[in-house]
Amino acid sequence: MALGVDQSRKAWALLLFAIYAAALQLQGSMAAVHKVGDSAGWTTIGNINYKQWAATKSFQLGDVIVFNYNPQFHNVMQVTHREYQACNATAPIATHTTGNDSITIATRGHHFFLCGVPGHCLSGQKVDINVLRTPLAPTPSTTPTPTPDTTVPSPSPSAAAPLYAMAGTLGKIGLSVAVFAAFASTFA
């Protein structure tokens with residue numbers, strides 16, 4: 001059955017909406033929010049090791065880095081690698097002073113942050129957020145070549161984890177397509 005011009009436009013609009021909704025779901029499902037220092041936040045109290053904190057995270061493009069701190073005593077300055085190493089806050093790339101700063105990571109590589117209050121960076125209040133240039137690939141295992149008398153081991157859970165993530169992504173796309181199909185069928 002042929003669709004009229006008006007119905008065809010509505011169908012295309014619904015298709016575009018479904019694609020847009022799927023893209024938003026994918027974008028939202030991949031980004032993570034990282035609170036610097038976890039429950040301690042951005043502070044000099046408690047000897048927080050921000051280098052160790054960052055080493056336990058896997059930063060990706062689109063992730064949001066949240067700095068929570070008392071703005072009367074701290075700030076957040078994004079600086080170059082040289083300034084980071086020297087704890088030099090005289091020429092920051094960006095300065096944040098709200099006490100609840102959210103920074104979305106839009107580029108790969110290192111993103112250096114420090115507190116510009118004198119003495120704070122030298123006492124360890126600085127962090128290097130590193131978004132890897134290439135996604136981590138699973139390391140090849142050294143499984144011996146199977147012989148007819150041996151069985152092949154099943155994949156480890158860490159190797160199977162990306163499959164679960166992919167299934168969730170495909171499920172969201174499938175849901176969006178199903179919603180579109182339901183709307184489109186009303187025009188047939």
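**Exercise 1. How many aromatic pairs does the count come to?**

Solution. In this predicted model, the count comes to 5 aromatic pairs. Take first the pair formed by Trp 42 and Tyr 50, whose ring centres lie 5.0 Å apart with the planes at 55°. Planes under 30 degrees apart count as stacked and those over 60 as edge-to-face, so the pair of Trp 42 and Tyr 50 is tilted. Both partners are buried, Trp 42 at 1% relative accessibility and Tyr 50 with a relative accessible area of 1%. Take next Trp 53 and Phe 59, with ring centres 5.9 Å apart and planes at 50°, so that this pair is tilted. Here Trp 53 counts as buried at 7% relative accessibility, and Phe 59 is buried with a relative accessible area of 4%. Finally, ring pairs join Trp 42, Tyr 50, Phe 67 and Phe 113 into a cluster.

**Exercise 2. Find the residues with the most contacts inside the largest nonpolar core, and say which elements give two or more residues to this core.**

Solution. The largest nonpolar core has 17 residues, and those with the most contacts inside it are Val 36, Trp 42, Phe 67, Val 127 and Ile 129. The elements that contribute two or more residues to this core are α2 (50-55), β2 (64-68) and β7 (126-131). Val 36 shows how these parts meet: leaving aside neighbours within four places in sequence, Val 36 is in contact with Gly 41, Trp 42, Tyr 50, Trp 53, Ile 65, Val 66, Phe 67 and Val 127. Apart from the largest core lies another one, of 7 residues, among them Val 79, Tyr 84, Leu 114 and Cys 121.

**Exercise 3. Explain why β2 is largely enclosed by the rest of the structure, and identify the strands that pair with it.**

Solution. Start with burial: 4 of the 5 residues of β2 are buried, so this strand is largely enclosed by the rest of the structure. Then consider strand β1 (residues 33-35), which runs parallel to β2 and is joined to it by 3 bridges; one point of reference is His 34, whose bridge partner in β2 is Ile 65. Between these two strands the chain passes through α2, and the resulting β-α-β crossover is right-handed. Strand β5 (residues 100-104), by contrast, pairs with β2 in the antiparallel sense over 5 bridges, and Val 64 stands opposite Thr 104 in β5.

**Exercise 4. Which residues of strand β3 point one way and which the other way, and which strands pair with β3?**

Solution. In a regular strand the side chains alternate between the two faces of the sheet. In strand β3 (residues 76-79), Val 76 and Gln 78 point one way while Met 77 and Val 79 point the other way, and all are buried. Strand β4 (residues 94-96) pairs with β3 in the antiparallel sense over 3 bridges, with His 96 of β4 as the bridge partner of Val 76. Strand β6 (residues 109-114) is also antiparallel to β3 and is joined to it by 3 bridges, with Phe 113 of β6 as the bridge partner of Gln 78.

As a last step, look at Gln 78 itself, which counts as buried at 18% relative accessibility, the cut-off being under 20%. Leaving aside neighbours within four places in sequence, Gln 78 is in contact with Pro 92, Ile 93, Ala 94, His 111, Phe 112 and Phe 113.

Definitions and conventions: Residues are numbered from 1 along each chain as its sequence is written. This is a predicted model: local features need pLDDT of at least 70, side-chain atom pairs count only at pLDDT 80 or more; totals for chains, interfaces and linings use all residues. Side-chain values use heavy atoms; hydrogens and water are left out. A nonpolar core is a set of buried Ala, Val, Leu, Ile, Met, Phe, Trp, Tyr and Cys residues joined through side-chain atoms within 4.5 Å. Buried means under 20% relative accessible area, exposed over 50%, partly exposed in between (1.4 Å probe, protein chains only). Contact means heavy atoms within 4.5 Å. Two strands pair if DSSP finds at least two bridges between them. A crossover is right-handed if, with the strands pointing away from the viewer, the path from the first strand over the helix to the second runs clockwise. Rings of Phe, Tyr and Trp (its six-membered ring) pair if their centres lie within 6.5 Å; planes under 30 degrees apart count as stacked, over 60 as edge-to-face and the rest as tilted.
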